[in-house]
Amino acid sequence: MLLSTIVFLPVVFALVIALWPRENSLRHLALGFSLIEFILSLKIFQQFDPSSSSLQLVEKHMWIERFGIQYFFGIDGISLWLVILTTFLTPIIILASWNSIDKRVKGFHAALFLLQTAMLGTFLAFDAIFFYVFWELSLIPMYFMVGIWGGTRRIYATVKFFIFTMVGSVLMLIAMIYMMYLTQEALGTMSASLLDFYRLKIPFVGGTLLSLQSLLFFAFALAFAIKVPIFPLHTWLPDAHVEAPTPGSVILAGVMLKMGTYCFLRWIIPLFPEAAEYWAWLFLLLGVIGIVYGALVAMVQPDVKKLVAYSSVSHMGYIIIGLFVFNSYGITGGLYQMLNHGISTGALFILIGMIYERTHSREIARYGGLASVLPIFTIFFFIVTMSSIAVPLTNGFIGEFLILMGVFEKNPWFAAVAVTGVILGAAYMLWMFMRVFFGPKGELVSDEHHPLHDLNAREIGVMIPLVVMIFWMGIFPNQFLDWSKASVDHLVKNRSSYNLTIKASGSHDPQALPEEAAQ
């Protein structure tokens, strides 16, 4: 019941908040609820066996028997840290938005908890239709978060985000239903279980898009590529980031984009091994184009929030190329970079939100000399900037180093192009930092009628956990990587005939039950 409780407890929190009569204590209540959820998620570590690649803490019940649709939750080393990242960021987001969300506070926090349920369900569901429910559910709270609490062009950004995501999702649903019929032909009974999907031998013919495995591969890949997003499907992201309120940008960059990269790892690579191998060159190409393109466009942005939005396009390109080299370095680095990006880019959006609350402007040209006025803010921004450009001893270095090692092993030419993204990333981030924090004071900084105040205790409290994670993950990466090693190794070694077993409750034996026995 642990995973079900973790997934659905935020729904209960959302209902309590919606019915809570006292507005003045609402934020404290929401913060308390989010901390309860985070502490509960840490209990997974007590019951999780990192030496096993099997599916653990499984909760499995038949839901719609006629179609083989099940209530099916489970967790392994691939999804473990993404669940923790989701519950870790939520209280930070609530604390960071303490003053910035000043209208319809009840609705905002209810939407945030519903979004948390949708994201956790996406990471933990192992039935195709069950997964699809959570995948689509995540659109609704984010739609309202941007549409109600966003900027002046929020409706345009919201509709664009919704249309892009829905187009890909419809094709994915069609592919899922088709695969359910394939299970009926292959196994004698219809099933929507991802574990049964893994057992299918889907025909593949190289050199053509019309191969069944290639068609299914691209039906799934389009939905996930839009969510990441991969170049050239990225155009919804900068608009969504710029128009979203600060907490919306943090949850979007920190967790929602990772739903796409996670699904490449969970669905695409093991389900369609021949198609993934054959079309890997395409995703490596689009990944490195996204890395360089995102960095170059970020460099010329006058709006600091849009700069960070395009930096996300670049950073997500690293994750994609890491996953599509199919070796331990690349996949481990890609998985680690999902966490790193959630921490560092989430922190950047929070810091941008803090300065925006003071100046109501994100134009880089209007700043300058900020370091002399806001020294504490400057220190935090500098640390997060170092993480974003992958300086050694920060979390970003570990992820990008592992990815580049994996890509070099697969194809040195792609690695050489990807390295230019590191250089360009340092260029646009340090140039932005120099213009904002040093040099002559800009109009916003020198305005004596509206003096700027450094970070208060609440804001420092928001940043400290993120900075701790930046250095902890950068100095002691094995404390995180060891929990995922068994699952990553199993995927790399058995990619062509991948299977996922269910770990028997209370067993420490890595040899687990096949799904039929678990039923």
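**Salt bridges, a helix pair and the core**

Let me begin with D196, which is buried, with a relative accessible area of 6%. I should say at once that we are looking at a predicted model, and that the values I quote were computed from it. D196 forms a salt bridge with R199, and the closest N and O atoms of this pair are 3.0 Å apart. The partner, R199, is partly exposed at a relative accessible area of 38%, whereas D196, as I said, is buried.

How many salt bridges does the structure hold? There are eleven, and I would like to take two others from that set.

One of them joins the side chains of R495 and E277, with 2.5 Å from N to O. This pair links distant parts of the chain, since R495 sits in the loop between α22 (485–493) and α23 (515–518), while E277 belongs to helix α13 (residues 273–278), and the two are 218 residues apart. R495 has a relative accessibility of 15% and counts as buried, because the cut-off for that class is under 20%. E277, at 36% relative accessibility, counts as partly exposed.

The other is the salt bridge in which the side chains of R153 and D239 meet, at 3.7 Å from N to O. R153 lies in the loop between α7 (139–149) and α8 (154–187), and D239 lies in helix α11 (residues 236–243), so this pair ties together parts that are 86 residues apart in sequence. Of the two partners, D239 is buried, with a relative accessible area of 11%, and R153 is partly exposed, with 41%. Which residues do shared salt-bridge partners join into one network? They are R153, K160 and D239.

Let me turn from charged pairs to helix packing. Helix α6 (residues 128–137) packs against helix α12 (residues 246–271) at an angle of about 170 degrees, and their axes are 13 Å apart. α6 is therefore roughly antiparallel to α12, because angles over 145 degrees are counted in that class. On the α6 side the contact involves A128, F131 and W135, and on the α12 side M259, G260, C263 and W267. By type, the residues of this contact divide into six nonpolar, one polar and no charged.

Some of these residues come up again when we look at the core. The largest nonpolar core has 196 residues, and those with the most contacts inside it are F224, F264, W267 and F324. Which helix gives the most to this core? It is α12, with 16 residues. If we take F224 and set aside residues up to four places away in sequence, we find that F224 touches F131, W135, M172, G260, C263, F264, W267 and I268. Among these, F131 and W135 belong to the α6 side of the helix contact, and G260, C263 and W267 to the α12 side. As general background, nonpolar side chains in soluble globular proteins tend to be buried together.

Finally, a word on Y198, which is found in helix α9 (residues 194–198). Is Y198 buried or exposed? At 6% relative accessibility, Y198 counts as buried. Leaving aside neighbours within four places in sequence, Y198 is in contact with R266, P270, L271, Y498 and L500. By way of contrast, I also looked at L424, which is 226 residues from Y198 along the chain, and the C-alpha atoms of these two are separated by 40 Å.

Key:
Residues are numbered from 1 along each chain as its sequence is written. This is a predicted model: local features need pLDDT of at least 70, side-chain atom pairs count only at pLDDT 80 or more; totals for chains, interfaces and linings use all residues. Side-chain values use heavy atoms; hydrogens and water are left out. A salt bridge is a side-chain nitrogen of Lys or Arg within 4 Å of a carboxyl oxygen of Asp or Glu. Helices (H or I, at least four residues) and strands (E, at least two) are DSSP runs, numbered from the N terminus. Buried means under 20% relative accessible area, exposed over 50%, partly exposed in between (1.4 Å probe, protein chains only). Axes are lines fitted to C-alpha atoms, for helices over the stretch in contact, and angles run from 0 to 180 degrees between N-to-C directions. Angles under 35 degrees count as roughly parallel, over 145 as roughly antiparallel, 65 to 115 as roughly perpendicular and the rest as oblique. Contact means heavy atoms within 4.5 Å. Ala, Val, Leu, Ile, Met, Phe, Trp, Tyr, Cys and Pro count as nonpolar, Asp, Glu, Lys and Arg as charged, and the others, Gly among them, as polar. A nonpolar core is a set of buried Ala, Val, Leu, Ile, Met, Phe, Trp, Tyr and Cys residues joined through side-chain atoms within 4.5 Å.
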